[in-house]
2 protein chains.
Amino acid sequence: MNRMNTPCGLDVALTVIGGKWKPLILFHVQSGPTRFSEILRRVGGISEKVLIQQLRDLVEMKVLLRRDHQCVPPVVDYALTPFGETLVKALVPLCDWGTANRNVLSAIMAPPRH
Amino acid sequence: MNRMNTPCGLDVALTVIGGKWKPLILFHVQSGPTRFSEILRRVGGISEKVLIQQLRDLVEMKVLLRRDHQCVPPVVDYALTPFGETLVKALVPLCDWGTANRNVLSAIMAPPRH
């Protein structure tokens, strides 16, 4: 019975990763501790201000760990916590589903031709 | 390497199930064809108008099938398509993650006591 087991479980998960940017941010830090400037570059199209807030949310949720290396010029990086790793693992099938169905969904979502 | 394989795959998936209601609706129709009034009752807290729009989106995305039984009084029900079944399956780990971490996240998200 590989079924969703409660409605709220998914709701809880979407509270953490909801929105446009958070899944992308998680994707781009999964390879290891990543500096702010590097996340900004990798995610692309996100403003510094918005990235700061998204990272703050993820740190608050204990999904990311923020490390300030206390040096000049400042070096700050972000890494998945063990808790964050479990979230990324749970996201993999959904990510694979999206990748596998990208073309199907693009065709479905394309505006009808006239 | 059980990692997310592209940023966009997740984006694609979230385009389909994004928002507050769609995951809940999918949860509540996974057991089989379900009538509109029953979905309304099960989901709870959603207006008829919003439910109609959410169902329309899911039908448009080929995730749900709408069946009008052409009778009086009208009987309309909704069921997962085979494509929708693959989406629900991909959502299971995230749902389980949310369920397993509900208490942890409630504690994290609770406002600090004074």
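Biologist: Why does B:Lys62 count as partly exposed?

Modeller: Its relative accessibility is 49%. Buried means under 20% relative accessible area, exposed means over 50%, and partly exposed is in between, with a 1.4 Å probe and protein chains only. So 49% makes B:Lys62 partly exposed. This is a predicted model, where local features need pLDDT of at least 70 and side-chain atom pairs count only at pLDDT 80 or more, while totals for chains, interfaces and linings use all residues. Residues are numbered from 1 along each chain as its sequence is written, chains are lettered from A and ligands numbered from 1 in the order written, and side-chain values use heavy atoms, without hydrogens and water.

Biologist: What is the phi of B:Lys62, and where does the residue sit?

Modeller: Phi is about 65°, positive although B:Lys62 is not a glycine. Most residues other than glycine have a negative phi. B:Lys62 is in the loop between α4 (48-60) and β2 of chain B; helices (H or I, at least four residues) and strands (E, at least two) are DSSP runs, numbered from the N terminus.

Biologist: And what makes B:Gln70 count as exposed?

Modeller: Its 68% relative accessibility is past the exposed cut-off, so the label fits. B:Gln70 also has a positive phi, near 55°, and lies in the loop between β2 and β3 of chain B.

Biologist: How do you know that B:Lys22 forms a salt bridge with B:Asp57?

Modeller: The term needs a side-chain nitrogen of Lys or Arg within 4 Å of a carboxyl oxygen of Asp or Glu. Here the closest N and O atoms are 3.2 Å apart, so the pair qualifies. The two residues link distant parts of the chain, 35 residues apart, with B:Lys22 in helix α2 (residues 22-29) and B:Asp57 in helix α4 of chain B. B:Lys22 is at 9%, so buried, and B:Asp57 is at 22%, so partly exposed.

Biologist: Why do B:Arg67 and B:Asp77 get the salt bridge label?

Modeller: Their closest N and O atoms are 2.9 Å apart, so they meet the distance limit. B:Arg67 is in strand β2 and B:Asp77 in strand β3 of chain B, 10 residues apart. At 34%, B:Arg67 counts as partly exposed; at 7%, B:Asp77 counts as buried.

Biologist: What is the peptide bond from B:Val72 to B:Pro73?

Modeller: That bond is cis, with omega near -5°. Most peptide bonds are trans. In chain A, a cis bond joins A:Val72 and A:Pro73, with omega about -5°.
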